[in-house]
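Student: Could we go through this structure together? I would like to begin with one side chain and work outwards.

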Amino acid sequence: MRLKRLSGKWLSKQEGQATVEYVLMLATIVVILAAFLTAFHTHIVRFFFTFIGQLLTS
């Protein structure tokens, strides 16, 4: 009987843990994306405008 109560409390803690892990993974992806954009923003903008220019002249 006592074991069931303990396991119920443990499972409820797992839901919170999963949420925290999800938020940490999402934050990691956002930080990596921000670093990539900061490092290569001039190349990305140049590629974008070159692509649009090619579409307009074709």
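Tutor: Certainly; please keep in mind that this is a predicted model. Phe40 is partly exposed, with a relative accessible area of 39%.

Student: Why does Phe40 count as partly exposed?

Tutor: Its relative accessible area is 39%, and buried means under 20% while exposed means over 50%, so Phe40 falls in between.

Student: And what about Phe36?

Tutor: Phe36 is also partly exposed, at a relative accessible area of 43%.

Student: Where do Phe36 and Phe40 lie?

Tutor: Both are in helix H1, which covers residues 2-57. They are 4 residues apart, about one turn of the helix.

Student: New topic: how many aromatic pairs are there in the whole structure?

Tutor: A search of the whole structure finds 3 aromatic pairs. One of them joins Phe36 and Phe40, with 5.1 Å centre to centre and 50° between the planes, a tilted arrangement.

Student: Why is the pair of Phe48 and Phe49 edge-to-face?

Tutor: The planes of these two rings are at 70°, and angles over 60 degrees count as edge-to-face, so the pair gets that name. The ring centres of Phe48 and Phe49 are 5.4 Å apart.

Student: Are those two buried or exposed?

Tutor: Phe48 is partly exposed at 47%, whereas Phe49 is exposed at 55%.

Student: What share of the protein is buried, then?

Tutor: Buried residues make up 0% of the 58 residues. The protein has 1 helix and 0 strands, and it exposes about 5,700 Å², of which carbon and sulfur atoms supply 75%.

Definitions and conventions:
Residues are numbered from 1 along each chain as its sequence is written. This is a predicted model: local features need pLDDT of at least 70, side-chain atom pairs count only at pLDDT 80 or more; totals for chains, interfaces and linings use all residues. Side-chain values use heavy atoms; hydrogens and water are left out. Helices (H or I, at least four residues) and strands (E, at least two) are DSSP runs, numbered from the N terminus. Buried means under 20% relative accessible area, exposed over 50%, partly exposed in between (1.4 Å probe, protein chains only). Accessible areas come from the Shrake-Rupley method with a 1.4 Å probe; for residues, only the protein chains shown count as cover. Rings of Phe, Tyr and Trp (its six-membered ring) pair if their centres lie within 6.5 Å; planes under 30 degrees apart count as stacked, over 60 as edge-to-face and the rest as tilted.
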